[in-house]
Amino acid sequence: MNHNHYISIMAGGVGSRFWPASREARPKQFIDMLGMGRSLLQMTYDRFAPMIRQQNMYCVTNRAYEGLVGEHLPELPAVNIIGEPSRNNTAPSVLLTALIISRENPNAVIGFVPSDHLIVKDEHYRQLCQEAFEYAANHEAIVTLGIHPSRPDTGFGYINYEKRSVSGHVHKVLSFREKPDLATAEQFILSGDYLWNAGMFFMSIKTLFAAYERHAPELYRILLPLRNASKEEVAGLISDLYPQTPNLSIDYAIIEKAEDVYTIPSDIGWSDLGTWNSLFQQIEKDESGNAVMCDHIILENVTNTLVRNNTDKLVILRDVKDLIIVEEEDVLLIYPMNKEQEIKQLGNKVRANFERHL
């Protein structure tokens, strides 16, 4: 294991598209969404445990979830759980983590990865991450993992890349494209020149600081005092300075503006598990195309339906199709599969009248 290689697991999201299973008090990264006995956060940690030292694994999250991270990852040193006092998006989060790691190792190369994605081909994924680490260590470069697209999906950003590699599996990024309409996504797929942007990237501390200083100087200035503060001052400075940072994504603030950005085209069995439908795609189906995530159920003439029942109730369904059905102790959700993107907006209605169910 290379002592300069670090992983930062980004675990601050609220998972609102997975309501009512995902709640503000326990978002989806802390849930065993796949019924495999491990939460998504634990599965993310497990992927890197064979290649990264425990003391080099960090998790950045909202302060409200620090205790949950500790429960789910007892192997992680408590000082490696970084609690954000406010939700200011990923650009401040990434810089905060890098500043804290730089205090112990200014030569660190850090991989930043989401806590709530599914990756099936773990060993191949580790091999590609190792290549990303090595390229980022030896070049002033930001290296992303791009996913070979399997369909013209309008829910992802895309990476346009040069087909000729610069080293091994590493390719130069030509541009990043925002979430496209369907016709544009179809053109991307037909061209063969585009990858899905999976939000995983690797860079050295030196490269990261230079990128922030050039492309997000105000954000860099706000958090820079953390770099040389005494150990006793750090917690107070995070509380004081972090809420002052602008709400910016790392993609918008840095990665889309930087020049030396590279990608590794990846086929790793990836899903961002961003919606109920994306989970539905990953679950084994019965002969009628249903994804059933409970034992106590009777189905009669039911097709293409997801059923997740987290209670002891018996569920009986007849003559329905194309539904998302999620039962928790305090909420029953029955929603059309083709309207699943609207579940996120349900939060406003629930907050107005039934806030305790969020």
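1. Start with strand E9, since E9 gives the most to the lining of the largest cavity, four residues in total. E9 covers 194–204, and helix H9 (250–255) also supplies at least two residues of that lining. Bear in mind that this is a predicted model.

2. Who is in the wall of the largest cavity? The residues that line the largest cavity are Thr144, Phe176, Asn197, Gly199, Met200, Phe201, Asp251 and Ile255. Sorted by class, the lining of the largest cavity comes out as four nonpolar, three polar and one charged.

3. Don't expect much room in there: the volume of the largest cavity is about 30 Å³. The structure holds one cavity of 30 Å³ or more, so if you filter at that cut-off, one is what you get. As a reminder of the idea behind it, rolling a probe the size of a water molecule over the atoms shows where empty space is left.

4. Now the open side of things. The second largest pocket has about 500 Å³ of volume. There are 17 residues around the second largest pocket, and those nearest its centre are Val79, Ile100, Arg103, Lys231 and Val234.

5. Which elements each supply at least two residues to the lining of the second largest pocket? Strand E3 (81–84) does, and so do two helices, H3 (90–104) and H8 (234–241).

6. If you plan to look at the chemistry of that site, the lining of the second largest pocket has five charged residues alongside nine nonpolar and three polar ones. Two of the residues nearest the centre of the second largest pocket are Arg103 and Lys231.

7. Stepping back to the whole fold, the protein chain has 17 strands and eleven helices. Among its contacts between residues at least 6 apart in sequence, 66% join residues at least 24 apart.

8. How does the overall size check out? For 358 residues, a compact globule would have a radius of gyration near 21 Å, and the protein chain agrees because its own value is 21 Å. The C-alpha trace spans about 65 × 50 × 35 Å along its principal axes.

9. Last, burial and surface. Of the 358 residues in the protein chain, 53% are buried. The chain exposes about 16400 Å², with carbon and sulfur atoms supplying 47% of that area.

Methods:
Residues are numbered from 1 along each chain as its sequence is written. This is a predicted model: local features need pLDDT of at least 70, side-chain atom pairs count only at pLDDT 80 or more; totals for chains, interfaces and linings use all residues. Side-chain values use heavy atoms; hydrogens and water are left out. On a 1 Å grid over the protein atoms alone, a cavity is a set of points where a 1.4 Å probe fits but cannot get out, and a pocket is an open set with protein on both sides within 12 Å along at least five of seven lines; lining residues have an atom within 4 Å of a point. Grid points are joined across faces, edges and corners, and a volume is the space filled by probe spheres set on the points. Ala, Val, Leu, Ile, Met, Phe, Trp, Tyr, Cys and Pro count as nonpolar, Asp, Glu, Lys and Arg as charged, and the others, Gly among them, as polar. The radius of gyration is taken over C-alpha atoms; the globule rule is 2.2 Å times the number of residues to the power 0.38. Buried means under 20% relative accessible area, exposed over 50%, partly exposed in between (1.4 Å probe, protein chains only). Contact means heavy atoms within 4.5 Å. Accessible areas come from the Shrake-Rupley method with a 1.4 Å probe; for residues, only the protein chains shown count as cover.
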